Every structure is written in structure tokens, then in C-alpha cells.
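Student: I'm new to this one, and I'd like a close look at a single part of it. Could you walk me through the largest pocket and what sits around it?

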Amino acid sequence: MGVDKLQPLRSKWLKTKLIINNELIKPFIPDTQKYNKTNLKSMISKYGMVYVKPERGTFGMGVIKAEMESHQHFVYQIEQKRSDV
């Protein structure tokens, strides 16, 4: 009565936002940006390769590896399938 049940936090983005507020953990969290075209280009330019993860999901399902192959040529990989952009 009057006690709310705790709900699991499924959103990876919200989990990240919460844990980067902890100064002990923050140094171990990789640079993380919410997905949009501008952020994706910026992160690939900075790191050469990034992983794009779905907001919700487990076991690596839906994870995309995106990388810059040459100055204006990108490739991405979903599971074992590699494609050019």
C-alpha cells in the first residue's frame, strides 16, 4: 500500500546518463552520444570506428559497427554482414 514497485531501467541511454554522474565510475565509461547523423559523423571522425547500439536490447542484438574506411567512405557491419555507404 503506497509503495511503488521498482521497474527495471531498460533504456541504455538513461542508464548511461545515471552512471556518468558517479565520479568513481565516470572515467571508465566510453564517450557516449545519443544517435543522430551529426553525432555519428563526429564520433567516427574522432575515433575512426564506433558501435551504434539500440536503445533497448540484449546479447548484442541490433548492434552496428560503423567505421571510416577512407576520407569520405564509411562501412558498417551488422552481425557478419559488411556494407559500404
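Tutor: Let's start with a word we'll need: a residue counts as buried when its relative accessible area is under 20%, as exposed when that area is over 50%, and as partly exposed in between. Keep in mind, too, that this is a predicted model. With that cut-off, 13% of the chain's 85 residues count as buried.

Now a quick map, so you don't get lost. The chain has two helices and four strands. Starting at the N terminus, their order is α-α-β-β-β-β.

On to the pocket you asked about. The largest pocket has a volume of about 690 Å³. Its lining is made up of 24 residues, and those nearest the centre are Asp 31, Thr 32, Gln 33, Tyr 51 and Lys 53. Three elements give two or more residues each to that lining: helix H1 (12–19), helix H2 (37–47) and strand E1 (49–52). Of the elements, H1 gives the most, with five residues. As for the chemistry of the lining, you'll find 13 nonpolar residues, five polar ones and six charged ones.

Let's zoom in on Asp 31, one of the residues nearest the pocket's centre. You'll find Asp 31 in the loop between H1 and H2. Asp 31 counts as partly exposed because its relative accessible area is 35%, which falls between the two cut-offs. Asp 31 also has a partner: it forms a salt bridge with Lys 46, and the closest N and O atoms of the pair are 3.8 Å apart. That salt bridge links distant parts of the chain, since Asp 31 is in the loop between H1 and H2 while Lys 46 is in helix H2, 15 residues apart. Lys 46 itself is exposed, because its relative accessible area is 57%. There's another pairing to look at here: Asp 31 and Tyr 47 are 16 residues apart in sequence, and their C-alpha atoms are 9.9 Å apart in space.

If you stay in the loop between H1 and H2, you'll also come across Lys 26. With a relative accessibility of 43%, Lys 26 counts as partly exposed. Try finding Thr 16 from there: Lys 26 and Thr 16 are 10 residues apart in sequence, and 9.4 Å separates them in space, C-alpha to C-alpha.

Next, have a look at helix H1 again, this time for Ile 19, which has its place in that helix. Ile 19 counts as partly exposed because its relative accessibility is 34%. Together with Leu 18, Ile 20, Leu 24 and Ile 25, Ile 19 makes a nonpolar surface patch of about 450 Å².

One last stop, on the topic of salt bridges. How many salt bridges does the count come to? The count comes to two. You've already met the one between Asp 31 and Lys 46. In the other, the side chains of Lys 65 and Glu 67 meet, with 3.9 Å from N to O. Lys 65 is partly exposed, because its relative accessible area is 25%.

So, to go back to your pocket: picture a space of about 690 Å³, with a lining to which H1 gives the most residues, and with Asp 31 among the residues nearest the centre.

Key: Residues numbered from 1 in each chain as written. Predicted model: local features only at pLDDT ≥ 70, side-chain atom pairs only at ≥ 80, totals over all residues. Heavy atoms only, no water. 1 Å grid on protein atoms, 1.4 Å probe; cavity = no way out; pocket = protein on both sides within 12 Å on 5 of 7 lines; lining within 4 Å. Points joined across faces, edges and corners; volume = space filled by probe spheres on them. Nonpolar A, V, L, I, M, F, W, Y, C, P; charged D, E, K, R; others polar. Patch = residues over 30% accessible without salt bridge, like charges linked within 9 Å, V, L, I, M, F, W, Y side chains within 5 Å. Areas by Shrake-Rupley, 256 points an atom, 1.4 Å probe, with all protein chains shown as cover. Salt bridge = Lys/Arg side-chain N within 4 Å of Asp/Glu carboxyl O. Buried < 20%, exposed > 50% of the residue type's maximum accessible area, 1.4 Å probe, protein only.
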